[in-house]
Amino acid sequence: MKTFAVEIENKVDELLVCLDKDIEHIQKSLSYLDELRTLVIRRDDAALSTLLEEIRTESNGYKKNESNRQSIRLELAECLGCAAKDITLSALERFAPEAKKEILVRNKMKLKALIEELKKEYSCTAMLLADCARFNDKLLKSIFNLGRTGEVYYNANGAAKQQRDAAFVNMKF
């Protein structure tokens with residue numbers, strides 16, 4: 001029975017390390033979203049490209065932590081004799097040693113708060129990008145449809161003809 005408790009405690013310790021990395025990753029994601037919005041508003045393409053490459057690199061590195069967390073869940077499920085999907089932080093609180101319960105609860109609450117904030121920030125960023133795309137679309141349509149009335153004209157033979165000439169603007173600043 002003692003080895004069983006020690007094994008669970010070791011797995012919980014490993015999981016806590018993964019959760020700390022999860023918390024750090026979510027905090028970085030929040031700062032990335034904030035920086036992304038700032039760079040989009042400033043229209044700083046060079047810095048935006050650098051940021052996007054940094055995000056890609058970070059997300060590829062984070063995959064290792066995700067797979068590690070999943071393998072720890074599988075090992076904990078095997079130790080506890082239940083399905084891996086049943087191993088949640090709330091369920092783990094019941095089986096964790098008393099010293100680890102408080103840390104698990106604190107991490108769970110912190111993750112929950114960070115995820116809510118991430119959802120909010122993600123929505124704000126998505127709305128900003130959608131508004132930028134809508135504004136750019138309207139701007140391009142107004143530029144390229146300048147001088148086009150959309151009216152149909154008839155030539156001397158009575159054939160319908162749409163206005164084809166359009167006024168263009170020199171967009172060089």
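# Worked exercises on a chain of helices and strands

Of the contacts in the chain with a separation of 6 or more, 57% are between residues 24 or more positions apart. Contact here means heavy atoms within 4.5 Å. You're looking at a predicted model, where local features need pLDDT of at least 70, side-chain atom pairs count only at pLDDT 80 or more, and totals for chains, interfaces and linings use all residues. Residues are numbered from 1 along each chain as its sequence is written, and side-chain values use heavy atoms, with hydrogens and water left out.

## Exercise 1: the overall layout

Work out how many helices and strands the chain has, and in which pattern they follow along the sequence.

Step 1. Count the elements: you should get 4 helices and 2 strands. (Helices, H or I with at least four residues, and strands, E with at least two, are DSSP runs numbered from the N terminus.)

Step 2. Now read along the sequence, and the pattern comes out as α-α-α-α-β-β.

Step 3. Check the surface. The chain exposes about 12,500 Å², and 56% of that comes from carbon and sulfur atoms; these areas come from the Shrake-Rupley method with a 1.4 Å probe, and for residues only the protein chains shown count as cover.

Step 4. Of the 173 residues in the chain, 25% are buried. (Buried means under 20% relative accessible area, exposed over 50%, and partly exposed in between, with a 1.4 Å probe and protein chains only.)

## Exercise 2: charged pairs between helices

Find out which residue pairs with Asp22 in a salt bridge, and where the two partners lie.

Step 1. Know what to look for: a side-chain nitrogen of Lys or Arg within 4 Å of a carboxyl oxygen of Asp or Glu. Side chains of opposite charge can pair when their charged atoms come close. The structure holds 15 salt bridges.

Step 2. The partner of Asp22 is Arg69, with the closest N and O atoms 2.8 Å apart. Asp22 sits in helix α1 and Arg69 in helix α2, so this pair ties together parts that are 47 residues apart in sequence.

Step 3. Look at the cover. Asp22 is buried at 6% relative accessible area, and Arg69 counts as buried too, at 17%.

Step 4. Try another pair: Glu121 bridges to Arg37, and here the closest N and O atoms are 2.5 Å apart. Glu121 belongs to helix α4 and Arg37 to helix α1, so parts 84 residues apart in sequence are tied together. Glu121 is buried, with a relative accessible area of 15%, and Arg37 is buried at 15%.

Step 5. Follow the links further. Lys120 forms a salt bridge with Glu121, their closest N and O atoms being 4.0 Å apart. Asp34, Arg37, Lys120 and Glu121 are joined in a network of salt bridges.

## Exercise 3: neighbors across the chain

Decide whether Thr125, Lys11 and Glu9 are buried or partly exposed, and name what each one touches.

Step 1. Start with Thr125 in helix α4 (residues 98-144). Thr125 is buried, at 3% relative accessible area. Leaving out residues up to four places away in sequence, Thr125 touches Leu33, Leu36 and Arg37.

Step 2. Move to Lys11 in helix α1. Lys11 counts as buried at 15% relative accessibility. With the four-place rule again, Lys11 touches Ile72, Glu75 and Leu76.

Step 3. Finish with Glu9, also part of helix α1. Glu9 is partly exposed at 31%. Beyond four places in sequence, Glu9 touches Pro97 and Lys100. Glu9 and Pro97 are 88 residues apart in sequence, yet 6.5 Å apart in space, C-alpha to C-alpha.

## Exercise 4: a pocket

Work out which helix gives the most to the lining of the second largest pocket.

Step 1. Get the space: the second largest pocket holds about 150 Å³.

Step 2. List the lining: Leu15, Leu19, Arg69, Gln70, Arg73, Ile87, Thr88, Leu89 and Leu92. (On a 1 Å grid over the protein atoms alone, a pocket is an open set of points where a 1.4 Å probe fits, with protein on both sides within 12 Å along at least five of seven lines; lining residues have an atom within 4 Å of a point. Grid points are joined across faces, edges and corners, and the volume is the space filled by probe spheres set on the points.)

Step 3. Sort by helix. At least two lining residues come from each of α1 (2-42), α2 (45-80) and α3 (89-95). The winner is α2, with 3 residues.
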